[in-house]
Amino acid sequence: MSKSYSAIGLVNPKSPTNVGGVLRAAGCYGAQAVYFNGNRYAKAAKYHTDTKNIADHIPIQQVDDLISLKTPGRALVCVELVEGATPLPEFQHPEDALYIFGPEDGSLPQSIVDAADAVVYVPTTGCMNLAATVNVLLYDRMAKRTTSFDTNQVLSSRDTNNRLVVS
């Protein structure tokens, strides 16, 4: 994968399980940070759901204002089922991006959508789970940026109990 910057912003996430899944996705697909606002996750963080201890390598930080994380040269990309949004298969990911996702039980605030450089959605029937959506978005980013895949990636990524080989 080429070097670039991507971070995840979560608007008032509710479920520690989803945040654990988001952290795992960030680790799998090379995101450099996870930010969240609101207080629901901070209260639930004691339920350790980061099964790969990604937070030891990728910062997870509570912030008051996710829009303030947009710096010069960094695109703010909202990911939400929004009228007028770009379907993810048609989207070209910026080199430097902060991807903002809404809460499990609501939508992104209009102020964040208005501040966005792009708004994309994952074409589905119905809405997806927060962690699943982050996985799909980050996978799409990686797949569109990577020019080749090889066996070394399988060997370095698989679980220590997995010794399967295609024969």
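Let's start with Val 22, which sits in helix α1, residues 16-29; helices here are DSSP runs of H or I, at least four residues, numbered from the N terminus. Before I go on: this is a predicted model, where local features need pLDDT of at least 70, side-chain atom pairs count only at pLDDT 80 or more, and totals for chains, interfaces and linings use all residues. Residues are numbered from 1 along each chain as its sequence is written, and side-chain values use heavy atoms, with hydrogens and water left out.

So, is Val 22 buried or exposed? It counts as buried, because its relative accessibility is 0%; buried means under 20% relative accessible area, exposed over 50%, and partly exposed in between, with a 1.4 Å probe and protein chains only.

Who touches Val 22? Setting aside neighbours within four places in sequence, Val 22 contacts Ile 8, Leu 10, Val 34, Leu 130, Ala 131 and Val 134, where contact means heavy atoms within 4.5 Å. Val 134 is 112 residues away along the chain, yet the two C-alpha atoms are separated by 6.3 Å.

That brings us to helix α4. Leu 130, Ala 131 and Val 134 are among its buried residues. Its 16 residues, 130-145, should span 22 Å, because we expect 1.5 Å times one less than the number of residues; the end C-alpha atoms are 23 Å apart, which agrees. At the N-terminal end, Asn 129 acts as a cap, with a side-chain oxygen 2.8 Å from the backbone nitrogen of Ala 131.

Last, the cysteines. Cys 28 is partly exposed at 48% relative accessibility, while Cys 127 is exposed at 67%. How many disulfides are there? Zero, taking a disulfide as a pair of cysteine sulfur atoms within 2.5 Å.

Terms used: Helices (H or I, at least four residues) and strands (E, at least two) are DSSP runs, numbered from the N terminus. A polar contact is a pair of N or O atoms within 3.5 Å; within protein, one must be able to donate a hydrogen and the other to accept it, and residues adjacent in sequence count only if both atoms are side-chain atoms.
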